[in-house]
Amino acid sequence: MHVTERKIVYNGHYKLSQLLVQDGEDVLKRERFEPGTAVAALVYHTGTRQYILTRQYRIGPEDEIVELAAGMVDGDEEPQAAIRREIHEELGYDVDRLELITRLLPSPGTSSEVITVFYAEVSHQSGQGGGLAEESEKIEAVPFTAEELGQARFEDAKTLVAVQWARLREAAN
């Protein structure tokens with residue numbers, strides 16, 4: 001299979017493309033959601049020994065959810081720089097140490113989105129966090145002990161991946 005034609009059919013906050021895919025003699029018409037490249041991090045405060053997640057309203061589920069600090073990569077920005085920026089905007093912390101957990105494709109059948117997931121250690125809060133007013137963000141920091149994190153129920157895929165990574169890491173130590 002290979003794409004023979006692509007056309008942007010919607011270009012708003014996000015993009016939607018229509019692709020023609022050659023599959024032998026058949027030509028398939030498919031739509032692909034193109035939200036961009038994202039970053040996320042499981043943030044761990046080394047002083048309090050707590051994980052810090054975020055709570056905010058999300059349009060997908062039309063509800064507030066608890067999830068990793070996350071955001072979009074801007075232009076040619078490197079993922080590591082983007083997640084450092086997002087952690088500062090959302091939680092007010094400077095990152096002491098950053099470790100790659102994985103790159104994931106949350107919905108490869110319909111979306112081009114790639115999310116790079118990190119583990120970030122912090123110890124110094126130099127800003128207030130809460131998100132950016134100009135982006136209408138209202139983000140609350142939600143702390144978890146390792147035990148609480150292990151027992152919490154999450155619905156967000158990137159958060160589930162990072163929490164499972166943390167559980168395995170804790171079990172190995």
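In the predicted model, residue H45 of strand β4 is paired across a bridge with Q50, its partner in β5. Strand β5, which comprises residues 50-58, runs antiparallel to β4, and the two are joined by 3 bridges. The hairpin formed by β4 and β5 has 4 residues between the strands, and within this hairpin R49 adopts a positive phi near 60°.

Beyond the hairpin, β4 also pairs with two further strands, β9 and β7. The pairing with β9 is parallel and involves 9 bridges, with A38 standing opposite I115 of β9. The pairing with β7, a strand of residues 69-72, is antiparallel and extends over 4 bridges; here the bridge partner of A38 is M72. Residue A38 is thus placed opposite I115 in β9 and is also bridged to M72 in β7. Strand β4 itself spans residues 37-45, and because 8 of its 9 residues are buried, the strand is largely enclosed by the rest of the structure.

Charged side chains were examined next. Side chains of opposite charge can pair when their charged atoms come close, and the structure holds 11 salt bridges in total. One of these links E34 with R32, with 2.9 Å between the closest N and O atoms. The two partners fall into separate accessibility classes, since E34, at a relative accessible area of 18%, is buried, whereas R32, at 25%, is partly exposed; the cut-off that places E34 among the buried residues is a relative accessible area under 20%.

Residue R97 takes part in two of the salt bridges, one with E99 and one with E121. In the pair with E99, the closest N and O atoms are 3.2 Å apart, and both side chains are partly exposed, E99 with a relative accessible area of 26% and R97 with a relative accessibility of 33%. In the pair with E121, the corresponding separation of the closest N and O atoms is 3.4 Å. Because R97 lies in strand β8 (residues 93-104) and E121 in strand β9 (residues 114-125), this second pair ties together parts of the chain that are 24 residues apart in sequence. In contrast to the partly exposed R97, E121 counts as buried, its relative accessibility being 16%. Elsewhere, D74, E77, R85, E86 and E89 are joined into one network by salt bridges that share partners.

Helix α3 was considered separately. The helix consists of 16 residues, 157-172, and its first and last C-alpha atoms are 23 Å apart, which is close to the 22 Å expected at 1.5 Å a residue. The buried residues of α3 are K158, T159, A162, V163, W165 and A166. Because these residues cover an arc of only 155° around the axis, they are placed on the same side of the helix. The face turned away from this buried side carries the exposed residues L168, A171 and A172, so that α3 presents a buried side and, turned away from that side, a face with exposed residues.

Definitions and conventions
Residues numbered from 1 in each chain as written. Predicted model: local features only at pLDDT ≥ 70, side-chain atom pairs only at ≥ 80, totals over all residues. Heavy atoms only, no water. Salt bridge = Lys/Arg side-chain N within 4 Å of Asp/Glu carboxyl O. Buried < 20%, exposed > 50% of the residue type's maximum accessible area, 1.4 Å probe, protein only. Expected span 1.5 Å × (residues − 1). Arc of directions from axis to C-beta. Pairing = 2+ DSSP bridges.
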